[in-house]
Protein chains: 2
Amino acid sequence: MLSILEKWKLIETKLICSSSFLKVFDDKVMLPNGKHITFTKMELIDFVSVVPVTDNNIVMIEILRYPRNCLSLEIPSGHVEKGETPKDSAVRELKEETGYSAEKIECIGRFNPLSRSTQQAHLFLAKNLTKGTQQLEATEQINVKLVPIEDIKEMLNSLKITHAPTIIALQKFLLMQQETQS
Amino acid sequence: MLSILEKWKLIETKLICSSSFLKVFDDKVMLPNGKHITFTKMELIDFVSVVPVTDNNIVMIEILRYPRNCLSLEIPSGHVEKGETPKDSAVRELKEETGYSAEKIECIGRFNPLSRSTQQAHLFLAKNLTKGTQQLEATEQINVKLVPIEDIKEMLNSLKITHAPTIIALQKFLLMQQETQS
C-alpha cells in the first residue's frame with residue numbers, strides 16, 4: 001500500500017465549454033503508471049451558505065430550483081463575487097435573500113462540493129439578527145421561512161431538505177448544539 | 001409573500017457541452033414575470049456513498065483527487081450504473097474500492113449535490129462487514145484506512161475531510177449515534 005499516492009501530470013488542457021458561472025476543460029493527463037487519459041474538470045465559482053439563528057428559529061428560504069422546477073427549503077447561499085472575502089459574501093447574501101443583518105457572523109466549515117472541481121463552499125453561522133427588507137435579483141423568487149430549531153432534525157431525517165450545503169450546515173449546527181449541551 | 005412560487009417555463013434547450021459523465025445545456029426559459037433568460041443546467045449521473053462500519057471503525061479511503069491533485073479522505077462512492085438500483089451500486093462500490101462486503105446495507109439519506117442539476121446522491125450505512133480484496137479501475141489509486149469512530153467528529157471539525165458526500169454521511173452517522181444513545 002502506498003503511504004503517499006502519486007500525483008497525475010497535466011500534459012494538455014482544452015476548454016470545451018464556457019458560461020457565466022461554469023467552464024469545462026478536457027485535461028490530457030499522465031497517470032503514475034505512464035498511461036495517458038482525458039479527465040473532464042469543471043471550473044465553478046466559490047460560494048457561501050449561512051445559518052441565520054434567532055432565539056428559537058433558523059431563518060430559511062423557500063426558493064424555486066430550476067431545472068428540478070420545484071421548491072427547495074434552504075439556508076441563504078450565493079457566489080463569492082470578485083473582490084469579496086467569503087465573509088463579505090455571507091453578510092451580503094444574508095441581507096439580499098432574507099433582509100436580515102447579523103451582529104455576529106463566524107465561519108463554521110468549508111467543503112468541496114465537486115470532486116471534479118477546485119470549487120470551495122464556505123459555511124457561516126449568523127447570530128444577533130436584525131430584520132430588514134430583501135434585495136432580490138430579477139431571477140430570484142424567494143420566500144423567507146422561520147423554521148423552529150426543534151424541527152430541524154426531523155426535517156433532515158424526512159428528506160424535506162435536499163440542498164447539500166444546507167444539509168451540511170444544519171447537521172453541523174445540530175452537532176455544535178449537542179457539544180455545548182453535553 | 002407567495003405561498004406557492006410560480007414555475008419557470010422552458011422555451012428552448014440547447015446542448016452546449018457533452019462528455020462521458022456530464023452534459024451542459026443552455027435553456028431559454030420564461031420567468032413568471034414574462035422575462036426571458038438563459039439558464040445553464042448540468043446533467044450528471046446519480047451516485048452513491050457508503051458508510052462502512054465495523055465495531056470501532058469507519059472503513060474510509062484515501063484517494064487522489066485531480067484537479068486539486070491532493071489526497072482526499074472519503075467514504076467509498078461511485079456512479080449508479082445503467083440497470084443498477086442505488087443499493088446495487090453501494091454494494092458494488094464498497095467491494096471494488098475497499099474489498100469489504102456487507103451483510104446489512106440500508107439507505108440513510110438522499111440529497112441534490114448541485115442546484116443546477118437533477119442529479120441525486122444516495123447515502124448508505126453498511127454493517128456486518130467481511131474483508132476481501134479491492135477491484136480498482138485503471139485510473140483509481142485508493143488506500144483503505146480504518147478510522148476510529150471516536151476520531152470522526154474531530155476530523156470533521158478540523159476540516160481534514162472536505163468531500164461533501166462524506167461530510168453529509170458522517171455527520172448523519174454521528175447524529176444517528178447520538179439518537180440511539182439519548
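## Ground rules

Here, two residues are in contact when heavy atoms of theirs lie within 4.5 Å. Keep in mind as you click around that this is a predicted model.

## A loop residue in chain A: Q135

With that in hand, start at Q135(A). Which residues does Q135(A) touch, leaving out those up to four places away in sequence? They are K95(A) and E96(A).

You'll find Q135(A) in the loop that links β9 (121–130) to β10 (142–148) of chain A. Its relative accessibility is 43%, and since the partly exposed class runs between 20% and 50%, Q135(A) counts as partly exposed. If you'd like a distance to go with that, take M176(A), which is 41 residues apart from Q135(A) along the chain: the two C-alpha atoms are separated by 31 Å.

## A strand residue in chain A: T40

Now hop over to T40(A), which sits in strand β3 (residues 36–44) of chain A. Is T40(A) buried or exposed? With a relative accessible area of 6%, T40(A) is buried, because the cut-off for that label is under 20%.

As for its surroundings, T40(A) touches V24(A), F25(A), D26(A) and R116(A) in chain A, plus S19(B) and F21(B) from chain B, again not counting residues up to four places away in sequence. D26(A) deserves a second look: its side chain makes a polar contact with the side chain of T40(A), at 2.8 Å.

## The β1–β2 hairpin of chain A

Strands β1 (residues 9–18) and β2 (residues 22–30) of chain A form a hairpin, with three residues between them. Their pairing is antiparallel and covers eight bridges. To see one pair, pick E12(A), whose bridge partner in β2(A) is K28(A).

## A three-strand sheet in chain B

Over in chain B there's an open sheet of three strands, in the order β6-β5-β10, with antiparallel pairing. Why do β6 (70–74) and β10 (142–148) of chain B each have one side without a neighbour in the sheet? They stand at the edges and each has a single partner strand, so one side is left free of a sheet neighbour. On average, neighbouring strands here are turned by 30° against each other, direction ignored.

Strand β5 (residues 57–65) of chain B runs antiparallel to β10(B), and seven bridges join the two. One spot to check is V59(B), which stands opposite L146(B) in β10(B). Helix α3 (residues 164–181) of chain B lies across β5 and β6 of that chain, and α3 runs at about 170° to β5(B).

Technical notes
Residues numbered from 1 in each chain as written. Chains lettered and ligands numbered in written order. Predicted model: local features only at pLDDT ≥ 70, side-chain atom pairs only at ≥ 80, totals over all residues. Heavy atoms only, no water. Pairing = 2+ DSSP bridges. Helix = DSSP H or I, 4+ residues; strand = E, 2+ residues; numbered from the N terminus. Axes fitted to C-alpha atoms, helices over the stretch in contact; angles between N-to-C directions. Buried < 20%, exposed > 50% of the residue type's maximum accessible area, 1.4 Å probe, protein only. Polar contact = N/O pair within 3.5 Å; in protein donor to acceptor, adjacent residues only side chain to side chain.
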